[in-house]
Amino acid sequence: MASASACRIGPSILGSDLSRLASECERMMESGADYLHLDVMDGNFVPNITFGHPVVECLRKNLGQDPFFDMHMMVSKPEQWVKPMAAAGASQYTFHLEATDNPGALIKEIRASGMKVGLGIKPGTTVEYLAPWACQIDMALVMTVEPGFGGQKFMEDMMPKVHWLRTQFPSLDIEVDGGVGPDNIHKCVEAGANMIVSGNAIIKSEDPRSVINLLKNVCAEVAQKRSLDR
Ligand code: DX5
Ligand code: ZN
């Protein structure tokens with residue numbers, strides 16, 4: 001059976017100096033980030049507001065075609081932003097299951113627009129709701145904090161969701177987001193996550209390269225242990 005690809009680290013730039021977003025993104029890529037996790041908030045789905053597709057378009061122009069933009073759409077009307085985000089240069093459109101009545105149509109629309117599809121659930125949503133869509137998406141996002149703000153405490157009790165998804169869908173990309181850093185990444189990877197969002201732990205560090213390296217080393221250790229256990 002196919003298994004998910006190797007662990008990737010995607011810094012969330014929410015806690016960066018937002019007045020210098022392009023150079024902050026560049027700094028992350030130069031420090032070894034595998035992709036960029038860009039948090040879009042509409043002040044409605046979550047009690048906070050960030051930026052939308054016009055900023056993404058500028059980032060794409062500034063950073064070139066290479067960086068993978070994982071758009072974490074914390075918005076009430078995810079249908080509304082599919083085309084503008086695709087046109088702006090988004091690579092993956094990760095919407096929340098709680099925000100739509102018709103995930104099937106939205107998945108098709110995202111794919112038709114040329115982006116990869118991510119589907120996220122908040123801490124209060126059980127993972128069985130996501131399961132019917134798992135074969136149609138590229139990535140499942142298990143939130144490990146209530147969406148809305150960076151710098152919150154990691155919710156370890158979300159790990160059974162990750163483990164359940166990994167058991168049911170061995171080749172699915174599974175992302176964790178919220179409060180993840182060197183202290184707890186092993187729990188996420190052991191449970192089966194392979195796309196690791198880390199915000200403040202990386203961005204607020206004086207040496208983001210070392211933190212990203214450390215996170216990657218933990219991923220490699222867990223993978224090695226797993227292959228020895230087989
Ligand atoms: C929270 C966002 C996260 C956040 C992660 O709603 O979705 O991406 O920025 O930041 P940390 O790792 O600081 O929790
Ligand atoms: Zn996020």
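This passage describes the surroundings of ligand 1 and the two largest pockets in a predicted model.

Ligand 1 is surrounded by 19 residues, of which Ser12, Gly148, Asp177, Gly179 and Gly199 come nearest. By class, this shell comprises 11 polar, 6 nonpolar and 2 charged residues. Two strands, E2 (36-41) and E3 (69-74), each supply at least two residues of the shell. The greatest contribution is that of E2, which provides 3 residues.

Several polar atoms of the protein lie close to oxygen atoms of the ligand. A polar backbone atom of glycine 148 is 2.7 Å from an oxygen atom of ligand 1, and a polar backbone atom of glycine 199 is 2.8 Å from an oxygen atom of ligand 1. For aspartate 39, a polar side-chain atom is placed 2.9 Å from an oxygen atom of ligand 1. Of the 380 Å² of accessible area that ligand 1 has on its own, 98% is covered by the protein.

The space taken by ligand 1 corresponds to the second largest pocket. The volume of this second largest pocket is about 280 Å³. Its lining consists of 26 residues, and those closest to the centre are Gly150, Gly151, Gly178, Gly179 and Gly199. Two or more lining residues come from each of E2, E3, strand E8 (195-198) and helix H7 (200-203). E2 and E3 thus appear in the lining of this pocket as well as in the shell around ligand 1. Gly179 and Gly199 are likewise among the residues that come nearest to the ligand and among those closest to the pocket centre. The lining of the second largest pocket includes 13 polar, 10 nonpolar and 3 charged residues.

The largest pocket contains about 420 Å³ of space. It is lined by 21 residues, with Ala4, Ser5, Arg166, Asn194 and Arg226 closest to its centre. Helix H5 (159-168), helix H6 (185-191) and helix H8 (208-229) are the elements that give two or more residues to this lining. Among the elements, H8 gives the most to the lining of the largest pocket, with 5 residues. Classification of the residues lining the largest pocket yields 10 nonpolar, 7 polar and 4 charged residues.

Terms used. Residues are numbered from 1 along each chain as its sequence is written. Chains are lettered from A and ligands numbered from 1 in the order in which they are written. This is a predicted model: local features need pLDDT of at least 70, side-chain atom pairs count only at pLDDT 80 or more; totals for chains, interfaces and linings use all residues. Side-chain values use heavy atoms; hydrogens and water are left out. A residue is near a molecule or strand if one of its heavy atoms lies within 4 Å of it. A polar contact is a pair of N or O atoms within 3.5 Å; within protein, one must be able to donate a hydrogen and the other to accept it, and residues adjacent in sequence count only if both atoms are side-chain atoms. Accessible areas come from the Shrake-Rupley method with a 1.4 Å probe; for residues, only the protein chains shown count as cover. On a 1 Å grid over the protein atoms alone, a cavity is a set of points where a 1.4 Å probe fits but cannot get out, and a pocket is an open set with protein on both sides within 12 Å along at least five of seven lines; lining residues have an atom within 4 Å of a point. A molecule sits in a cavity or pocket if more than half of its atoms lie within 2 Å of its grid points. Helices (H or I, at least four residues) and strands (E, at least two) are DSSP runs, numbered from the N terminus. Ala, Val, Leu, Ile, Met, Phe, Trp, Tyr, Cys and Pro count as nonpolar, Asp, Glu, Lys and Arg as charged, and the others, Gly among them, as polar. Grid points are joined across faces, edges and corners, and a volume is the space filled by probe spheres set on the points.
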